[in-house]
Amino acid sequence: MNKVFGAHPGFRANHAKGVVVEGSFKASSEAAGLSRALLFNGSPIPVTVRFSDSTGIPNIPDGSADANPHGMAIKFHLPDGSETDMVINSLKFFPVATGEDFRDLLLALAASPPDASKPTKFEQFAAGHPSVPAAFATVGTPDSFANEEYYGVNAFVFVNKSGERQAVRYQMMPERVAHLAAADAAKQPPNFLMDELPERLKRGPAMFHLMAQIAAAGDSTKDPTIPWPNDRKVMDLGVLTIDKAVPNSAEVEKKLLFMPGQLTDGIEESDDPLIDVRNGAYALSFSRRNP
Ligand code: HEM
């Protein structure tokens, strides 16, 4: 990532530019049947949320195509004082299936500057991995972080009170989705997404439904390049309400570490190999940005 985006001391290796907000989550009554996690016990759960632009470039314009996919990282502050995280983004599925392939994708990007001869290393990599162009074709620039849908991409396993296990993928659904045409996105002020959210929250909360797409027998949990079929059942796990900007977002985000594998009893990692690769990379990025 540092080879592609440059090393920017003090910033995240990816999703360097972001904004921190707060709110709460209230589970639906169906959620507790799927998972015994404290998250779903029906009590209001305070959340800290960071929305972000892709890339490790701290001053990337929010409307740049490279700022896609946009990220949403959620820290749920559970009633027992522990935390569980969800780190999701606006890709409907991931470009590659393994950590090795993701490293090779990044190296190919780093070896493909604007003046590189054609076909570039990235074009060659993409030609051999059709899920790369397919995944990037699923994203667009929203007109607000609140008007975007975000996907968990990696599968997790819910365990309920009876010990029954069910693989799921998260979907965070806004009240409405609004994307800009690429030409309009490019004309927006450089911080339009970061600035819009705190302004919007002064007028009222932003609401999302946290949904779980339910895997059927035979659906692969270990390949995040393959979305499950659209006819799979999607269950409403509850409502996430974001109602407050934090005044000192730039300070607060430094000490925040969101980890896909920071889970709580009732939610487990699936066999998707990306989850552990991510855990390692996020922890390393955190330790480098907080030396
Ligand atoms: C092997 C695959 C991946 C690698 C190596 C990777 C790596 C990273 C790294 C190093 C960071 C910076 C972490 C920090 O400093 O706190 C990051 C942030 C982030 N990543 Fe990933 N990532 C991967 C896949 C994904 C996937 C599948 C998603 C979403 C579905 C995702 C969403 C995010 C988001 C939203 C952030 C920003 C978190 C924040 O606001 O603190 N990443 N990623």
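## Salt bridges, ligand shell and three buried residues

E253 and R50 are both buried. The model they belong to is a predicted one. Their side chains meet in a salt bridge, with 2.9 Å between N and O. The pair connects distant parts of the chain, as E253 sits in helix α8 (residues 249–255) and R50 in strand β2 (residues 45–52), 203 residues apart.

Across the whole structure, a search finds 16 salt bridges. Another of them is between R176 and D143, whose closest N and O atoms are 3.8 Å apart. This pair, too, links distant parts of the chain: R176 is in the loop between β7 (165–174) and α6 (182–186), while D143 is in the loop between α5 (131–136) and β5 (150–151), 33 residues apart. D143 counts as partly exposed because its relative accessibility is 26%, and the range for that class runs between 20% and 50%.

A salt bridge also joins the side chains of E268 and R165, at 3.0 Å from N to O. E268 belongs to strand β10 (residues 267–269) and R165 to strand β7, so the contact ties together parts that lie 103 residues apart in sequence. Is R165 buried or exposed? With a relative accessibility of 52%, R165 counts as exposed. Its partner E268, at 28%, counts as partly exposed. Elsewhere, K75, E83 and D85 are joined into one network by salt bridges that share partners.

The next topic is the ligand. It is surrounded by 27 residues, and the closest are R12, R50, Y282, S285 and R289. R50, the salt-bridge partner of E253, therefore appears here again, and an N or O atom in its side chain is 2.7 Å from an oxygen atom of the ligand. For R289 the corresponding distance, again to an oxygen atom of the ligand, is 2.7 Å. In the case of R278, a side-chain N or O atom lies 3.3 Å from a nitrogen atom of the ligand. The elements that contribute two or more residues to the shell are β3 (71–77), β4 and α9. Which of the elements supplies the largest share of the shell? That is α9, with eight residues. Sorted by class, the shell holds 16 nonpolar, seven polar and four charged residues.

The ligand contains an iron atom, and Y282 is its only protein donor, through OH at 2.0 Å. Y282 is part of helix α9, which covers residues 273–289.

Three buried residues can be followed in turn, beginning with I74. I74 is in strand β3, one of the elements that give two or more residues to the ligand shell. Its relative accessibility is 0%, so I74 counts as buried. Along the chain, I74 and M86 are 12 residues apart, and their C-alpha atoms are separated by 5.1 Å. Not counting residues up to four places away in sequence, I74 touches V47, T48, V49, T84, D85, M86, I88, M172 and F258. Among these contacts is D85, a member of the salt-bridge network with K75 and E83.

N89 lies in strand β4, residues 83–89. N89 counts as buried because its relative accessibility is 13%, and the cut-off for that class is under 20%. Its side chain reaches the backbone nitrogen of L91 at 2.9 Å. With neighbours within four places in sequence left aside, N89 is in contact with P69, H70, G71, E149, Y150, Y151 and V153.

N154 is found in the loop between β5 and β6 (156–159). Its relative accessible area is 2%, so N154 is buried. The side chain of N154 is joined to that of D272 by a polar contact of 2.8 Å. Apart from neighbours within four places in sequence, the residues in contact with N154 are V168, R169, P224, D272, L274, I275 and R278. R278 is thus in contact with N154, and its side chain also has an N or O atom 3.3 Å from a nitrogen atom of the ligand.

Conventions: Residues numbered from 1 in each chain as written. Predicted model: local features only at pLDDT ≥ 70, side-chain atom pairs only at ≥ 80, totals over all residues. Heavy atoms only, no water. Salt bridge = Lys/Arg side-chain N within 4 Å of Asp/Glu carboxyl O. Helix = DSSP H or I, 4+ residues; strand = E, 2+ residues; numbered from the N terminus. Buried < 20%, exposed > 50% of the residue type's maximum accessible area, 1.4 Å probe, protein only. Donors = N, O, S within 2.8 Å, 3.2 Å for Na, K, Ca; no water. Polar contact = N/O pair within 3.5 Å; in protein donor to acceptor, adjacent residues only side chain to side chain. Contact = heavy atoms within 4.5 Å. Near = heavy atom within 4 Å. Nonpolar A, V, L, I, M, F, W, Y, C, P; charged D, E, K, R; others polar.
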